[in-house]
Amino acid sequence: MAEVLVLVDHVDGTVRKTTAELLTIARRIGEPSAVFIGDGFDTAKEALARYGAEKVYRTASPEVTEHLVAPQAELLAQLVERTSPAAVLVPSSLEGKEIAARLAVKTQSGLITDAVDVQAGEGGGIATTQSVFAGSYTVSATVTKGTPIITVKPNSAAPEEVSGAAADEEVDFTPSDAAKGARITSSQPKQATGRPELTEAAIVVSGGRGTAGDFSKVEDFADSLGAAVGASRAAVDAGWYPHTSQVGQTGKQVSPQLYVACGISGAIQHRAGMQTSKTIVAVNKDNEAPIFELVDFGVVGDLFAVLPQATDAITSS
Ligand code: FAD
């Protein structure tokens, strides 16, 4: 069985859920090999093995970590040439998509972005499913040239644990001068909210213009569920919630198990970011709001009355 390279997403060695998902998907199509770039490998090693990495290629070289994404794409290209993997799986983040695009050019390979499912296809190929044009179409696609380079959206698979240990190898790699063309001069961690990361959360509760700027009920309800908080662009543009929380075409794409839209009308641009969610619930006082066209459960009512009741019911259960 061929290797499947998985680019690890981590914060100082704490492996993010998307990586566990990618390793789980990799096991369906070959032998998962993680590619770990940065500090914290000792912290990450156990988690990578737990989700099925059989091997880990790693580097903490400042030549790679102190620059933007180009050296990472070069490192992956070197590994592709050396290991001839069945596929390379990369998280569908902004950074991940840039790395994947550069890698596809370097290796003259086909690229599929934003896959929501990846399976072994007929004749040894790899079958992917994408949700495109704001979720209006579901597209089945397969790479026909080179090594399949696939970016995978968060929550596309439930992480599955296995027992085993991963062998690791320090990669001997020096990026080209061109790849070192942009250097990181400083970086600051995002202020912690105590809530899960929006794109990774199993549950997202979002507020829109219907909150009238008061997100407290949305936040209380989200906290009762251990959910992330999102926002419509109307709420973000009004300065009621940070831009990093915007869900939609020009915001973040989320695909949680449960998405609760509170005081959000359901414009096409908002749907583009959330309609692949597994279960969708809306709270809206207008029973003709377009959001009700795509929900699994709808509550017609004032969010300031409905959400506190729901929060009480959950916290007292
Ligand atoms: P509204 O459309 O004003 O809806 C508010 C809803 O709240 C209404 O349905 C109302 O019935 C309900 N409501 C009011 N009070 C209450 C209450 N007390 N209780 C319950 N319900 C209540 N939008 C995004 O969200 N994300 C994007 O990424 C995005 N990108 C865009 C890109 C472009 C190029 C363009 C043109 C637009 C984009 N938009 C985006 C904007 C989008 O078109 C909508 O304008 C926006 O989503 C509307 O936000 P909203 O649903 O919060 O507000």
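**Salt bridge and ligand site in a predicted model**

Mentor: In this predicted model, the side chains of K17 and E21 meet in a salt bridge, with 3.2 Å from N to O.

Trainee: Why is the pairing of K17 and E21 called a salt bridge?

Mentor: The criterion is a side-chain nitrogen of Lys or Arg within 4 Å of a carboxyl oxygen of Asp or Glu. K17 and E21 are 3.2 Å apart, N to O, so the pair qualifies. Side chains of opposite charge can pair when their charged atoms come close. Across the whole structure, a search finds 20 salt bridges.

Trainee: What separates K17 and E21 in helix α1?

Mentor: About one helical turn separates K17 and E21, because they are four residues apart in α1, which spans residues 17-29.

Trainee: What makes the approach of the ligand to R233 a polar contact?

Mentor: The cut-off for a pair of N or O atoms is 3.5 Å. A ligand oxygen lies 2.9 Å from a polar backbone atom of R233, so this pair meets it.

Trainee: How do you know that G251 and H270 also make polar contacts with the ligand?

Mentor: For G251, a polar backbone atom is 3.4 Å from a ligand oxygen, which is within 3.5 Å and therefore counts. For H270, an N or O atom of the side chain is 2.9 Å from an oxygen of the ligand, so that pair counts too. The protein covers 75% of the 990 Å² of accessible area that the ligand has on its own.

Trainee: Which helices each supply at least two residues of the shell around the ligand?

Mentor: They are α7 (233-237), α8 (268-271) and α9 (303-315). The shell residues comprise seven nonpolar, 14 polar and five charged.

Definitions and conventions:
Residues are numbered from 1 along each chain as its sequence is written. This is a predicted model: local features need pLDDT of at least 70, side-chain atom pairs count only at pLDDT 80 or more; totals for chains, interfaces and linings use all residues. Side-chain values use heavy atoms; hydrogens and water are left out. A polar contact is a pair of N or O atoms within 3.5 Å; within protein, one must be able to donate a hydrogen and the other to accept it, and residues adjacent in sequence count only if both atoms are side-chain atoms. Accessible areas come from the Shrake-Rupley method with a 1.4 Å probe; for residues, only the protein chains shown count as cover. Ala, Val, Leu, Ile, Met, Phe, Trp, Tyr, Cys and Pro count as nonpolar, Asp, Glu, Lys and Arg as charged, and the others, Gly among them, as polar.
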